[in-house]
Amino acid sequence: MTLTGEIDLATAPALRTRLDALTGRTGLDLVLDLRPVSFIDCAGLGVLCRVRNRVLARRGRLRLVSDSPSLLRVLRLAGLAGDFEVLPVMPEALAGTLPESTAIR
């Protein structure tokens, strides 16, 4: 899934609802492309942590795609850098195949 825009206090509830619907099944391999995300705050980090916990509890895998130094810095400052698998580019096997895009306003 590709996320675009800002993930903040205003957009986190809708995103959380959408991602909760996606993460209800066992063995999910979820890739969130965050490259188009322009901003993320603590509410957005909370959503990512919730998604991670839901996916792992169901024996799945979560990968974030981001080459943004600011996102990596936010994860590091929040003490979450080691909690997420962050890739700088989309995995080759998935490139061009992501079916969903969610615009965050």
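**Exercise 1. The lining of a pocket**

By class, how many nonpolar, polar and charged residues does the lining of the second largest pocket have? Work from the predicted model shown above.

*Solution.*
Step 1. List the lining residues: I7, L34, R35, V37, S38, F39, I40, S66, S68, S70, L71 and V74.
Step 2. Note the elements that give two or more residues to this lining, namely β3 (37-40) and α3 (69-77). The largest share, four residues, comes from β3.
Step 3. Sort the lining by class, which gives seven nonpolar, four polar and one charged residues.
Step 4. Add the volume: the space in the second largest pocket is about 170 Å³.

**Exercise 2. A residue of the pocket lining**

Determine where I7 is found and whether I7 counts as buried or exposed.

*Solution.*
Step 1. Locate I7 in strand β1, which covers residues 2-7.
Step 2. Apply the cut-off: buried means under 20% relative accessible area. I7 has 1% relative accessibility and therefore counts as buried.
Step 3. Relate I7 to S38, since both residues belong to the lining of the second largest pocket. I7 and S38 are 31 residues apart along the chain, and their C-alpha atoms are separated by 8.2 Å.

**Exercise 3. An aspartate in a helix**

Establish in which helix D20 lies and which residues D20 touches, not counting residues up to four places away in sequence.

*Solution.*
Step 1. Place D20 in helix α1, residues 12-22.
Step 2. Classify D20: its relative accessible area is 19%, so D20 is buried.
Step 3. Identify the contacts. With residues up to four places away in sequence left out, D20 touches R50 and R54.

**Exercise 4. Cysteines**

State how many disulfides the structure holds, and classify C42 and C49 by accessibility.

*Solution.*
Step 1. Recall that a disulfide is a covalent bond between the sulfur atoms of two cysteines.
Step 2. Give the count: the structure holds zero disulfides.
Step 3. Use the cut-offs, with exposed meaning over 50% and partly exposed lying between that value and 20%. C42 has a relative accessible area of 65% and is therefore exposed. C49, with 22%, is partly exposed.

**Exercise 5. The overall picture**

Describe the secondary structure of the protein and the order of its elements.

*Solution.*
Step 1. Count three helices and six strands.
Step 2. Read the elements from the N terminus on: β-α-β-β-α-β-α-β-β.
Step 3. Consider burial: 42% of the 105 residues count as buried.
Step 4. Consider contacts with a separation of 6 or more: residues 24 or more positions apart account for 76% of them.

Notes:
Residues are numbered from 1 along each chain as its sequence is written. This is a predicted model: local features need pLDDT of at least 70, side-chain atom pairs count only at pLDDT 80 or more; totals for chains, interfaces and linings use all residues. Side-chain values use heavy atoms; hydrogens and water are left out. Buried means under 20% relative accessible area, exposed over 50%, partly exposed in between (1.4 Å probe, protein chains only). Contact means heavy atoms within 4.5 Å. On a 1 Å grid over the protein atoms alone, a cavity is a set of points where a 1.4 Å probe fits but cannot get out, and a pocket is an open set with protein on both sides within 12 Å along at least five of seven lines; lining residues have an atom within 4 Å of a point. Grid points are joined across faces, edges and corners, and a volume is the space filled by probe spheres set on the points. Ala, Val, Leu, Ile, Met, Phe, Trp, Tyr, Cys and Pro count as nonpolar, Asp, Glu, Lys and Arg as charged, and the others, Gly among them, as polar. A disulfide is a pair of cysteine sulfur atoms within 2.5 Å.
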